[in-house]
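Please load the model in a viewer and keep the selection tool at hand. The stops below proceed from the whole chain to individual side chains.

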Amino acid sequence: MSAPRLPEDPGVPNRIVIVAIAVSFSLVAAAALAVWIFYPDAQHDQMPRIDAFPAPRLEIEPVARYAEYLAEERARLSGAGDRLPIDAAMARIVARGAAAFAPLPVEDRP
């Protein structure tokens with residue numbers, strides 16, 4: 001049987017490793033402290049209290065609001081506000097035939 005092998009010398013003194021680790025932790029702590037001091041806006045705000053939230057807003061007249069929305073859309077499609085009515089626009093596209101998706105002539109542009 002052979003004699004047990006002794007561990008090999010690492011070649012780096014333990015003191016240097018311990019000092020390097022301590023310096024690394026010190027630099028990280030100093031950087032965190034610098035950010036905390038020089039950038040106070042980066043800190044998180046406190047969460048608001050639950051009773052500070054407003055009450056939910058409910059839609060009181062959903063049917064009436066939907067009817068109003070439909071009336072606005074129908075008016076817009078029928079040409080309200082100097083717009084071309086949708087029926088006239090579709091008729092122009094059909095009249096163009098095969099060139100329906102070609103660029104519009106200058107006189108037809110809005």
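The tour below states what to select at each stop and what is found there.

**The whole chain**

Begin with the complete chain, bearing in mind that this is a predicted model. A cartoon representation shows 3 helices and 0 strands, in the order α-α-α from the N terminus. Next, consider the overall dimensions. Along the principal axes, the C-alpha atoms fill a box of roughly 100 × 55 × 40 Å. The radius of gyration is 38 Å, whereas a compact globule of 110 residues would have one near 13 Å.

Then switch to a surface representation. How much of the chain counts as buried? The share is 1% of the 110 residues. The exposed area comes to about 11000 Å², of which carbon and sulfur atoms supply 65%. Colouring by charge brings out 11 positive and 14 negative charges, and the mean positions of the two sets are 4 Å apart.

**Helix α1 and the nonpolar patch**

Select residues 14-38, which form helix α1. F38 belongs to this helix, and its relative accessibility of 63% is the reason it counts as exposed, because the cut-off for that class is over 50%. Now extend the selection to L33, V35, W36, I37, F38 and Y39. Together these residues make a nonpolar surface patch of about 700 Å².

**Helix α2 and its salt bridges**

Move on to helix α2, residues 62-77. Side chains of opposite charge can pair when their charged atoms come close. How many salt bridges are counted in this model? The count is 2.

For one of them, select R65 and E68 and display the side chains. The salt bridge between R65 and E68 has an N to O distance of 3.4 Å. These two residues are 3 positions apart in helix α2, so about one helical turn separates R65 from E68. Both ends remain partly exposed: R65 has a relative accessible area of 37%, and E68 has one of 43%.

Continue along the helix to E73 and R76. Here the side chains meet in a salt bridge at 3.5 Å, N to O. Where do E73 and R76 stand relative to each other in helix α2? They are 3 residues apart, and therefore separated by about one helical turn. E73 counts as partly exposed at 24% relative accessibility, and R76 counts as partly exposed at 40%.

Keep R76 selected and add I60 for a distance check. The C-alpha atoms of R76 and I60 are separated by 25 Å, with their positions 16 residues apart along the chain.

**The loop between α2 and α3**

Finally, select D82, located in the loop between α2 (62-77) and α3 (86-96). Is D82 buried or exposed? D82 is exposed, with a relative accessible area of 84%. The backbone deserves a look as well. Most residues other than glycine have a negative phi. D82 is not a glycine, yet its phi is positive, at about 60°.

To close the session, show helix α3, residues 86-96, together with the loop that holds D82.

How values were computed:
Residues are numbered from 1 along each chain as its sequence is written. This is a predicted model: local features need pLDDT of at least 70, side-chain atom pairs count only at pLDDT 80 or more; totals for chains, interfaces and linings use all residues. Side-chain values use heavy atoms; hydrogens and water are left out. Helices (H or I, at least four residues) and strands (E, at least two) are DSSP runs, numbered from the N terminus. The radius of gyration is taken over C-alpha atoms; the globule rule is 2.2 Å times the number of residues to the power 0.38. Buried means under 20% relative accessible area, exposed over 50%, partly exposed in between (1.4 Å probe, protein chains only). Accessible areas come from the Shrake-Rupley method with a 1.4 Å probe; for residues, only the protein chains shown count as cover. Lys and Arg count as positive and Asp and Glu as negative; His and the chain ends are not counted. The place of a charge is taken as NZ of Lys, CZ of Arg, CG of Asp or CD of Glu. Patches are made of residues with over 30% relative accessible area and no salt bridge: like charges are joined within 9 Å, nonpolar side chains (Val, Leu, Ile, Met, Phe, Trp, Tyr) within 5 Å. A salt bridge is a side-chain nitrogen of Lys or Arg within 4 Å of a carboxyl oxygen of Asp or Glu.
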